[in-house]
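Good morning, and thank you for the opportunity to present. I would like to go through one protein model with you, from its overall form to a few individual residues.

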Amino acid sequence: MNDLDAIDLRLLDALQTDASLSNQDLAARVAISPATCLRRVKRLVEAGIVERRVALLSPDKLGAGLSAILEITLDRQGAEHLDAFEARAVQEAAVQQCWRVSPGPDFVLVVQLADMPAYQAFTQRLLTQDANVRNIKAFFSVKRAKFETRIGLPPP
């Protein structure tokens, strides 16, 4: 992070706000030339600082209005068991986030599904059929007050 200058930080801030900006518009917003902008963004991508650029979709408008946060505790926590569960979890389309955590449960999953029958099918597929899952604690969202993907950046 110490290689980032004020221009890099302004670029990152602008990209976090709207990654769909054209190179011309991004350069204008950050007050640099389009060629400099293109070169710097490419460097940020190649360095892995910008992992990817995506569109955030409305779950409600796409029929995926059930959000849940799941705490998963495995019966056996050996590295091979943790890796096996994680590999299965990240393959599930409904899993938006998969975190291996400590202390407490072994995993926290954030899932987005259509409804309760879809949740039940998901748990049957991923959790119930796995003999190594000891405990599942589910929290269902009743209101989304904030959803951000931004990372706080130091002032330029």
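I shall describe the chain as a whole, then its cores, and finally some single positions.

Please keep in mind throughout that this is a predicted model.

Let us begin with the secondary structure. The protein chain contains five helices and four strands. Read from the N terminus, these elements follow the order α-α-α-β-α-β-β-α-β. The radius of gyration is 20 Å, whereas the globule rule gives 15 Å for 156 residues, so the chain is more spread out than a compact globule. Along the principal axes, the C-alpha trace spans about 55 × 40 × 25 Å.

Next, the surface and the contacts. Of the 156 residues, 30% count as buried. The accessible surface of the protein chain is about 10,300 Å², and carbon and sulfur atoms account for 53% of that area. If we consider contacts between residues at least 6 apart in sequence, 64% of them join residues at least 24 apart. As for charge, the chain has 19 positive and 19 negative charges, and the mean positions of these two sets lie 5 Å apart.

I now turn to the interior. In soluble globular proteins, nonpolar side chains tend to be buried together. Which residues touch the most other members of the largest nonpolar core? They are L70, I72, F85, L109, V111 and F122, in a core of 19 residues. Four elements each give two or more residues to this core: β1 (66–74), α4 (79–91), β3 (107–113) and α5 (116–128). The largest share comes from β1, with five residues.

F122 is a useful example within this core. Setting aside neighbours within four places in sequence, F122 is in contact with L70, E92, A94, V95, V111, L113 and L127. There is also a second, separate core, which has 15 residues, among them L4, L11, V30 and V41.

L11 appears again when we examine R40, a residue of helix α3. Is R40 buried or exposed? Its relative accessibility is 16%, and the limit for a buried residue is under 20%, so R40 counts as buried. Beyond neighbours within four places in sequence, R40 is in contact with D5, I7, D8 and L11.

R52 offers a contrast in accessibility. This residue is found in the loop between α3 (34–46) and β1. With a relative accessibility of 69%, R52 counts as exposed. From R52 to I136 the separation is 84 residues in sequence and 31 Å in space, taken from C-alpha to C-alpha.

Finally, I draw your attention to two details of the backbone. Most residues other than glycine have a negative phi, and most peptide bonds are trans. A31 is not a glycine, yet its phi is positive, at about 65°. This residue sits in the loop between α2 (23–30) and α3. A31 counts as exposed, because its relative accessibility is 64%.

The other detail concerns a peptide bond. Which two residues are joined by a cis peptide bond? They are S102 and P103, with an omega of about -5°. P103 belongs to the loop between β2 (95–100) and β3.

To review, we have considered a predicted model with two separate nonpolar cores, a buried arginine in helix α3, and a cis peptide bond before P103. Thank you for your attention.

Technical notes:
Residues are numbered from 1 along each chain as its sequence is written. This is a predicted model: local features need pLDDT of at least 70, side-chain atom pairs count only at pLDDT 80 or more; totals for chains, interfaces and linings use all residues. Side-chain values use heavy atoms; hydrogens and water are left out. The radius of gyration is taken over C-alpha atoms; the globule rule is 2.2 Å times the number of residues to the power 0.38. Buried means under 20% relative accessible area, exposed over 50%, partly exposed in between (1.4 Å probe, protein chains only). Contact means heavy atoms within 4.5 Å. Accessible areas come from the Shrake-Rupley method with a 1.4 Å probe; for residues, only the protein chains shown count as cover. Lys and Arg count as positive and Asp and Glu as negative; His and the chain ends are not counted. The place of a charge is taken as NZ of Lys, CZ of Arg, CG of Asp or CD of Glu. A nonpolar core is a set of buried Ala, Val, Leu, Ile, Met, Phe, Trp, Tyr and Cys residues joined through side-chain atoms within 4.5 Å.
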